[in-house]
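Thanks for letting me look over this model. I have put my reading into numbered points, so you can follow along with the coordinates open.

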Amino acid sequence: MATHEYPRRHLALLICILVVFTFSPFAVTFRHGILILNIIAATILVAGSYALSERRHLFVIAIILSIISIIATSLLLVFQKHWAVLIAHSCIVILIAFFSITILGYVFHSGRVTADRIFAAICVYMLVGYGWTFAYALLDETLPGSFATVTLIGPNDYIGRVMQLRYFSFMTLTTVGYGDVVPRSSAARTMAVLEAVMGQFYLAVLIARLVGLHIVHGLDSHSRED
């Protein structure tokens, strides 16, 4: 079935992700920083749902999962209990996984390589790192002490912990690994290895796919001109 093109739908999602990453360290310093951060983060859910708007059934699922995620995050802000952390982080992992898989399907779908498809590919890469952040947070909540850090985070500072693990996630995804956050448990090390391998394979397969499509479309254009 043919679909309509929305040239900037994934650019909007990418901008929202970058805004959250850039301003979250500053937002938490304000009096209502956590509330501000959650409002900003909600824009990712809106932009992610908009990116799927051309496929109605996926759009409906995205809206439902986004609403559940917002409710779960609100429960964490109110109760700040172990069970609330598990529910909130689990909902976010499921939602990000859903966004990543559906957008990835669009990236690798046959068709011309457009700017929107490149933006979508970058979004998936960022969402993978973001999703692993909450997977690590779930592990650390379930098995305390799974990560050793140079900077100590308070036991009830959930936002600070997530931001620290987000930093670790992207350092692992890009295989930079500064070493100031270290996985200690076997489960944490296994997850870190899987994320690092995933990041490298994604870039290799993505570049090969996009270059291949670009060459094919270039040849098709030349054949039409001839």
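The points below go from the overall fold to helices, single residues, a pocket and the cysteines.

1. **Overall picture.** Please keep in mind throughout that this is a predicted model. The secondary structure consists of seven helices and two strands, and the order along the sequence is α-α-α-α-α-β-α-β-α. The protein has 226 residues, and 42% of them are buried. If you take contacts between residues at least 6 apart in sequence, 73% of them join residues at least 24 apart.

2. **Helix H5.** This helix covers residues 115-142, which is 28 residues. From the first C-alpha to the last, H5 reaches 41 Å, close to the 40 Å expected at 1.5 Å a residue. H5 is also mostly covered, with 22 of its 28 residues buried. You will meet H5 again at the pocket in point 7, where its share of the lining is described.

3. **Helix H6 and what follows.** H6 has 16 residues, and its reach of 22 Å from first to last C-alpha is close to the 22 Å expected at 1.5 Å a residue. Like H5, H6 is described as mostly covered: 14 of the 16 residues in H6 are buried. After H6 comes Thr 175, which has a positive phi.

4. **Thr 175.** What is worth a second look in the backbone here? The phi of Thr 175 is positive, about 55°, although the residue is not a glycine. Most residues other than glycine have a negative phi. Thr 175 sits in the loop between helix H6 (158-173) and strand E2 (181-183). Is Thr 175 buried, partly exposed or exposed? Its relative accessibility is 46%, so it counts as partly exposed; the cut-off for exposed is over 50%.

5. **His 89 and its neighbours.** His 89 belongs to helix H4 and is classed as buried because its relative accessibility is 5%. Which residues does His 89 touch, leaving out those up to four places away in sequence? They are Phe 134, Ala 137, Leu 138 and Val 162. Since H5 spans residues 115-142 and H6 spans 158-173, you can follow these contacts from H4 to both helices by residue number.

6. **Ser 66 and Ile 39.** Ser 66 lies in helix H3 (residues 56-79), and with 5% relative accessibility it counts as buried. Beyond residues up to four places away in sequence, Ser 66 touches Leu 45, Ser 49, Leu 95 and Phe 99. Ile 39, in helix H2 (residues 33-51), counts as exposed because its relative accessibility is 54%. The C-alpha of Ile 39 is 9.6 Å from that of Ile 70, with their positions 31 residues apart in sequence.

7. **The second largest pocket.** This pocket has a volume of about 270 Å³. It is lined by 17 residues, and those closest to its centre are Ala 97, Ser 100, Val 128, Trp 132 and Met 198. Helix H4 (82-107), H5 and helix H7 (186-225) are the elements that give two or more residues to the lining. Which element gives the most to it? That is H5, with seven residues. By residue type, the lining divides into 14 nonpolar and three polar residues, with no charged ones.

8. **Cysteines.** A search of the whole structure turns up zero disulfides. Cys 123 is in no disulfide, and the nearest cysteine sulfur, that of Cys 16, is 9.2 Å away; a disulfide would need the two sulfur atoms within 2.5 Å. Cys 123 counts as buried, at 0% relative accessibility.

9. **Cys 91.** This residue is in helix H4 and, at 17% relative accessibility, counts as buried; the cut-off for that class is under 20%. Cys 91 touches Ile 68, Ser 69 and Ala 72, not counting residues up to four places away in sequence. Its C-alpha is 8.7 Å from that of Ser 66, and the two residues are 25 apart along the chain.

Definitions and conventions: Residues numbered from 1 in each chain as written. Predicted model: local features only at pLDDT ≥ 70, side-chain atom pairs only at ≥ 80, totals over all residues. Heavy atoms only, no water. Helix = DSSP H or I, 4+ residues; strand = E, 2+ residues; numbered from the N terminus. Expected span 1.5 Å × (residues − 1). Buried < 20%, exposed > 50% of the residue type's maximum accessible area, 1.4 Å probe, protein only. 1 Å grid on protein atoms, 1.4 Å probe; cavity = no way out; pocket = protein on both sides within 12 Å on 5 of 7 lines; lining within 4 Å. Points joined across faces, edges and corners; volume = space filled by probe spheres on them. Nonpolar A, V, L, I, M, F, W, Y, C, P; charged D, E, K, R; others polar. Contact = heavy atoms within 4.5 Å.
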